[in-house]
Amino acid sequence: MNRLALLLGLAVALWSGAASAQAWPQKPVRVLVGLAPGGNPDTLARMLAAKWTAALGQQFVVENRPGAGSTVAADLTAKSPPDGYTVLISDSSVVTTAPHLFRSLPYDPFRDLQAVSLAVVVPMWLVVHPSVQANSIQELVALARSQKQPMPYASSGIGSIHQITMELFKADLRVDFTHVPFKGAGQSVPAMMAGDVLLGFVGYPAAASAMKTGKLRVLAFSLARRSSLTPEVPTVAETVDPGFDMAAPLGVFVAARTPREIVARLNRAVVDAVKAPEVVERMGAIGMEPAGSTLEEYEKMLRGEYERFGTLIKRIGLQVE
């Protein structure tokens with residue numbers, strides 16, 4: 001009799017869990033962003049949250065939790081209940097580069113986080129403050145090599161794609177700049193505009209106005225091909241560093257062991273949102289390239305990037321204490 005009661009209880013629990021997963025979401029969902037407002041992850045999060053709120057009938061509330069190259073937000077997600085009510089929108093560095101950069105992480109990226117979907121790919125532009133005596137990337141390299149003190153460069157945080165990209169640029173070109181980390185592009189771009197730091201790789205949303213008005217001078221584009229937004233701007237690859245090709249893939253994650261039905265529903269919501277015509281148009285205007293992927297495609301990409309960036313970080317000797 002006890003065994004029968006146990007089996008019945010287990011069946012009820014399984015049915016209840018499955019029903020709950022199918023009904024998700026039944027209450028507001030936290031959408032964590034690991035950087036301060038104003039940068040690409042924050043911009044993407046607010047676009048997706050609006051689409052998800054309309055499509056799924058519950059509020060998706062964006063919450064900025066900056067710190068330690070977005071790993072603070074990643075850890076909060078990893079340690080949240082695996083019920084789909086905490087969602088992380090982040091560049092993939094929390095999985096692909098953070099394990100190589102930090103001596104230890106409070107979470108295991110492949111054990112504690114569940115990849116949901118690649119959302120967008122975001123390239124970067126190399127910009128300098130107008131006081132920098134360089135009107136081309138070639139002149140910037142020559143200037144850097146001639147100076148006794150390295151110029152300060154900004155990034156969106158320790159371990160961010162902006163830092164990795166600049167450190168690769170430094171290593172390839174044998175030049176030196178001093179890293180000044182900020183908590184997102186919402187802080188780093190104003191610091192560059194004020195001349196507190198003199199250069200950096202930035203995404204389009206945070207820097208578009210400054211680039212158009214000349215408050216920041218644009219020298220190069222990070223992808224191997226030119227951008228349709230700035231077709232006159234040469235790439236790093238075609239000017240000073242053949243093969244240079246860097247961008248920030250932004251994706252969606254939840255806690256590991258989140259029911260597969262919830263993960264699958266969120267995956268569909270991501271793909272539907274980034275393929276929506278009005279979102280595609282808006283993303284194109286700010287330099288984001290919509291992607292969308294299956295769970296399996298994103299997991300495969302993350303493992304490949306984990307290996308690629310591990311090799312890169314080891315080569316350039318980058319380590320965060």
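This is a short walk through the structure, one selection at a time.

Before you click, note that this is a predicted model, where local features need pLDDT of at least 70 and side-chain atom pairs count only at pLDDT 80 or more, while totals for chains, interfaces and linings use all residues. Residues are numbered from 1 along each chain as its sequence is written, and side-chain values use heavy atoms, with hydrogens and water left out.

**Stop 1: strand β1**

Select residues 29–33, which make up strand β1. Helices (H or I, at least four residues) and strands (E, at least two) are DSSP runs, numbered from the N terminus. Four of the five residues here are buried, so β1 is largely enclosed by the rest of the structure. Buried means under 20% relative accessible area, exposed over 50%, and partly exposed in between, with a 1.4 Å probe and protein chains only.

Now add β2, residues 60–64: five bridges join it to β1, and the two run parallel. Strands count as paired if DSSP finds at least two bridges between them. To see one match-up, show L32 and look for E63 opposite it in β2.

Then bring in helix α2 (residues 40–56), which makes a right-handed β-α-β unit with β1 and β2. Right-handed means that, with the strands pointing away from you, the path from the first strand over the helix to the second runs clockwise.

**Stop 2: strand β3**

Next, select residues 86–91, strand β3, which runs parallel to β1 and is joined to it by four bridges. R30 stands opposite T86, and V31 has V87 as its bridge partner. How many of the residues of β3 are buried? Six of its six, so to speak a mostly covered strand. Turn on side chains: T86, L88 and S90 point one way, and V87, I89 and D91 the other.

Add β10 (247–255). Four bridges join β10 to β3, this time antiparallel, and D91 stands opposite L250.

**Stop 3: the cavities**

A cavity is a set of points on a 1 Å grid over the protein atoms alone where a 1.4 Å probe fits but cannot get out; lining residues have an atom within 4 Å of a point. Grid points are joined across faces, edges and corners, and a volume is the space filled by probe spheres set on the points. There are four cavities of 30 Å³ or more.

The largest holds about 110 Å³ of space. To find it, select N40, P41, I161, H162 and A248, the closest to its centre of 16 lining residues. That lining has nine nonpolar, six polar and one charged. Ala, Val, Leu, Ile, Met, Phe, Trp, Tyr, Cys and Pro count as nonpolar, Asp, Glu, Lys and Arg as charged, and the others, Gly among them, as polar.

The second largest holds about 70 Å³. Of its 13 lining residues, S93, T96, T97, I161 and F309 are the closest to its centre.

**Stop 4: backbone oddities**

Most residues other than glycine have a negative phi, and most peptide bonds are trans. Go to W24 and P25, which are joined by a cis peptide bond with omega about 0°. P25 sits in the loop between α1 (2–23) and β1.

Jump to A68, in the loop between β2 and α3 (71–78). Its phi is near 50°, and at 39% relative accessibility A68 counts as partly exposed.

Finish at R257, whose phi is positive, about 70°. At 63% relative accessibility, R257 counts as exposed.

How values were computed:
On a 1 Å grid over the protein atoms alone, a cavity is a set of points where a 1.4 Å probe fits but cannot get out, and a pocket is an open set with protein on both sides within 12 Å along at least five of seven lines; lining residues have an atom within 4 Å of a point.
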